[in-house]
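Subject: Structure handover

Hello,

Here is the structure I said I would pass on. Please look it over before reading my notes underneath.

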Amino acid sequence: MTRRDKFRPKTAMVLAAGLGKRMRPITSTIPKPLIAVRGKALIDYSLDALARNGVEKIVVNVHYLPDLMRAHLRRRQGPEIVISDETDMLLESGGGIVRALPELGPNPFFVINSDTFWIDGYRDNLDLMTDLWDPARMDAMLLIADMRQATGYDGKGDFTMDVEGRLARVGERDMSPFIYAGAAILKPELFAGMAEEKFSLNRIFDQAIEADRLFGARLDGLWLTVGTPGAIAEAEATFLASASASAA
């Protein structure tokens, strides 16, 4: 067994329970993870990436229009998909993972946002993360995109990164080119003792920063986020331009 295979996560969580308010009116009748880009539902980009990387069980949380989500996921072939039902209360990213921990198991797992995705460059990015993952030094690893690789993003950046890949928060008045690209490897120990309540994964990231154990892997390729209806056409144009460049 190679080092990469030894540390490759076998379980994953896809965060798919959000309300998608910024995508209205599209999300009046369809949950955001099922919005199509290039004829493919957003969530399927995440699920396909996990399947390519040997993940055996994927937990998907649902809240808004859950019956549509369940029906779509039942049609999937490949890894086992387990539904984490949040129809009683939307728990946000951190609380949603706490609820799903019994299904995710005792080892590090992938977490992917269902509304962000990427076009791989020379490397499959989840494979790249697995290659760089070092549980002796790290509690969490985030996929990090440079703003120049991003489509649909208009913020000031999320983190600074040192030469070893260690991450820290951007100062309130500062900017950084580094954006959280919506994929991570997390140790379940990060959630030890936490209650099943609403909270953001940012609490977990800050906890790992305090321990000097939050690291980033630089994305290879292009990163896309579809946060508004207008971003769909932008993402599709990026796909087309990337395919044209690859064929040239």
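The notes below go from the whole chain to single residues.

Please keep in mind that this is a predicted model. Every value that follows was computed from its atoms.

The chain as a whole

The secondary structure of the protein chain consists of seven helices and 14 strands. With a radius of gyration of 17 Å, against the 18 Å that the globule rule gives for 248 residues, the chain is as compact as a globular protein of that length. Along the principal axes, the C-alpha atoms fill a box of roughly 45 × 45 × 45 Å. Half of the chain is covered, in the sense that 50% of the 248 residues count as buried.

As for contacts with a sequence separation of 6 or more, 74% of them are between residues 24 or more positions apart. The accessible surface of the protein chain is about 11,500 Å², and carbon and sulfur atoms hold 51% of that area. On charge, the chain has 30 positive and 34 negative charges, and their mean positions are 2 Å apart.

Helix 5

Helix 5 covers residues 125–132; six of its eight residues are buried, so the helix is largely enclosed by the rest of the structure. The buried residues are N125, L126, D127, L128, M129 and T130. The N-terminal end of helix 5 is capped by D124, which places a side-chain oxygen 3.0 Å from the backbone nitrogen of L126.

N125, in helix 5, has a relative accessible area of 0% and is therefore buried, the cut-off being under 20%. Which residues does N125 touch, not counting those up to four places away in sequence? They are W118, D120, L143, R218, L219 and D220. With D120 the link is also polar: the side chains of N125 and D120 are joined by a polar contact of 2.7 Å. For a distance across the fold, N125 and V98 are 27 residues apart in sequence, and their C-alpha atoms are 25 Å apart in space.

T130 is another residue of helix 5, and it counts as buried at 0% relative accessibility. The side chain of T130 reaches back to the helix itself, with the backbone oxygen of L126 at 3.0 Å.

R8 and its partners

R8 sits in the loop between helix 1 (3–7) and strand 1 (11–15). Is this arginine buried or exposed? Its relative accessibility is 13%, so R8 counts as buried. Leaving aside neighbours within four places in sequence, R8 is in contact with N53, D127 and T130. D127 and T130 are among the buried residues of helix 5, so the loop that holds R8 meets that helix through this side of its contact list. Two of the links made by R8 are polar. The side chain of R8 makes a polar contact of 2.9 Å with the side chain of D127, and one of 3.2 Å joins the side chains of R8 and N53. R8 and G54 are 46 residues apart in sequence, with 8.0 Å between their C-alpha atoms.

P33

P33 lies in the loop between strand 1 and strand 2 (36–37). With a relative accessible area of 3%, P33 is buried. Apart from neighbours within four places in sequence, P33 is in contact with A16, A41, L42, I43, M69 and S114. P33 and L73 are 40 residues apart in sequence and 11 Å apart in space, C-alpha to C-alpha.

Two positive phi values

Two further residues are listed here for their backbone angles. E92 has a phi near 65°, a positive value in a residue other than glycine. E92 lies in helix 4 (residues 92–104) and counts as partly exposed at 41% relative accessibility.

D212 also has a positive phi, near 65°, and is likewise a residue other than glycine. The place of D212 is in the loop between helix 6 (202–210) and strand 13 (214–218). D212 is partly exposed, at a relative accessible area of 44%.

Regards

Conventions: Residues are numbered from 1 along each chain as its sequence is written. This is a predicted model: local features need pLDDT of at least 70, side-chain atom pairs count only at pLDDT 80 or more; totals for chains, interfaces and linings use all residues. Side-chain values use heavy atoms; hydrogens and water are left out. Helices (H or I, at least four residues) and strands (E, at least two) are DSSP runs, numbered from the N terminus. Buried means under 20% relative accessible area, exposed over 50%, partly exposed in between (1.4 Å probe, protein chains only). Contact means heavy atoms within 4.5 Å. A polar contact is a pair of N or O atoms within 3.5 Å; within protein, one must be able to donate a hydrogen and the other to accept it, and residues adjacent in sequence count only if both atoms are side-chain atoms. The radius of gyration is taken over C-alpha atoms; the globule rule is 2.2 Å times the number of residues to the power 0.38. Accessible areas come from the Shrake-Rupley method with a 1.4 Å probe; for residues, only the protein chains shown count as cover. Lys and Arg count as positive and Asp and Glu as negative; His and the chain ends are not counted. The place of a charge is taken as NZ of Lys, CZ of Arg, CG of Asp or CD of Glu.
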